[in-house]
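Dear colleague,

Please find below the structure I am handing over to you. A summary of what was found in it comes directly after.

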Amino acid sequence: MSCDERGQLVLPKDIRKKLDINPGDKLALLDCYSKDQKHFLTLIKTNSLEELIKSYMGPVMKDIIK
């Protein structure tokens with residue numbers, strides 16, 4: 001992967017194909033860190049992130065809304 005002069009990340013075709021990333025897909029880049037403060041980035045499709053958040057937050061929100 002590389003970063004161009006405008007700061008855009010370029011994903012190689014083989015990675016895009018393996019991860020089923022197509023033109024127009026929305027992606028979220030999450031900055032995470034471990035206990036020893038080592039940072040790492042996670043790339044996830046926004047629709048997958050939305051489903052993940054709903055699955056975690058759904059039960060919590062039910063309790064709050066009661």
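The notes below cover the salt bridges, the main pocket and a surface patch. Please keep in mind that this is a predicted model.

Salt bridges

The structure contains four salt bridges. Two of them involve K45. In one, the side chains of K45 and D20 meet at 3.9 Å, N to O. This pair connects distant parts of the chain, since K45 belongs to strand β4 while D20 lies in the loop between α1 and β3, 25 residues apart. In the other, D25 and K45 meet through their side chains at 3.6 Å, N to O. Here too distant parts of the chain are linked: D25 is in the loop between α1 and β3, K45 is in strand β4, and the two are 20 residues apart.

As for the accessibility of the two acidic partners, D20 has a relative accessible area of 46% and is therefore partly exposed. D25, at 31%, also counts as partly exposed.

A further salt bridge joins the side chains of E50 and K54, at 3.2 Å, N to O. These two residues are four apart in helix α2 (residues 46-65), so about one helical turn separates them. E50 is partly exposed, with 44% relative accessibility. K54 has a relative accessible area of 54%; because this is over 50%, K54 counts as exposed. Returning to the bridges of K45, shared partners join D20, D25 and K45 into one network.

The largest pocket

The largest pocket has a volume of about 160 Å³. Its lining consists of L11, K13, R16, K17, D20, I21, N22, P23, G24, D25 and L27. Both D20 and D25, described above as salt-bridge partners of K45, are thus part of this lining. Helix α1 (residues 13-18) gives the most to the lining, with three residues. By residue type, the lining divides into five charged, four nonpolar and two polar residues.

The nonpolar surface patch

M1, L9, L27, L29, L41 and L43 make a nonpolar surface patch of about 600 Å². The elements that give two or more residues to this patch are β3 (27-33) and β4 (39-45). Among the patch residues, L43 is found in strand β4. L43 has a relative accessible area of 38% and is partly exposed, because this value falls between the limits of 20% and 50%. L27 appears in the patch and also in the lining of the largest pocket.

With kind regards

Conventions:
Residues are numbered from 1 along each chain as its sequence is written. This is a predicted model: local features need pLDDT of at least 70, side-chain atom pairs count only at pLDDT 80 or more; totals for chains, interfaces and linings use all residues. Side-chain values use heavy atoms; hydrogens and water are left out. On a 1 Å grid over the protein atoms alone, a cavity is a set of points where a 1.4 Å probe fits but cannot get out, and a pocket is an open set with protein on both sides within 12 Å along at least five of seven lines; lining residues have an atom within 4 Å of a point. Grid points are joined across faces, edges and corners, and a volume is the space filled by probe spheres set on the points. Ala, Val, Leu, Ile, Met, Phe, Trp, Tyr, Cys and Pro count as nonpolar, Asp, Glu, Lys and Arg as charged, and the others, Gly among them, as polar. Patches are made of residues with over 30% relative accessible area and no salt bridge: like charges are joined within 9 Å, nonpolar side chains (Val, Leu, Ile, Met, Phe, Trp, Tyr) within 5 Å. Accessible areas come from the Shrake-Rupley method with a 1.4 Å probe; for residues, only the protein chains shown count as cover. Buried means under 20% relative accessible area, exposed over 50%, partly exposed in between (1.4 Å probe, protein chains only).
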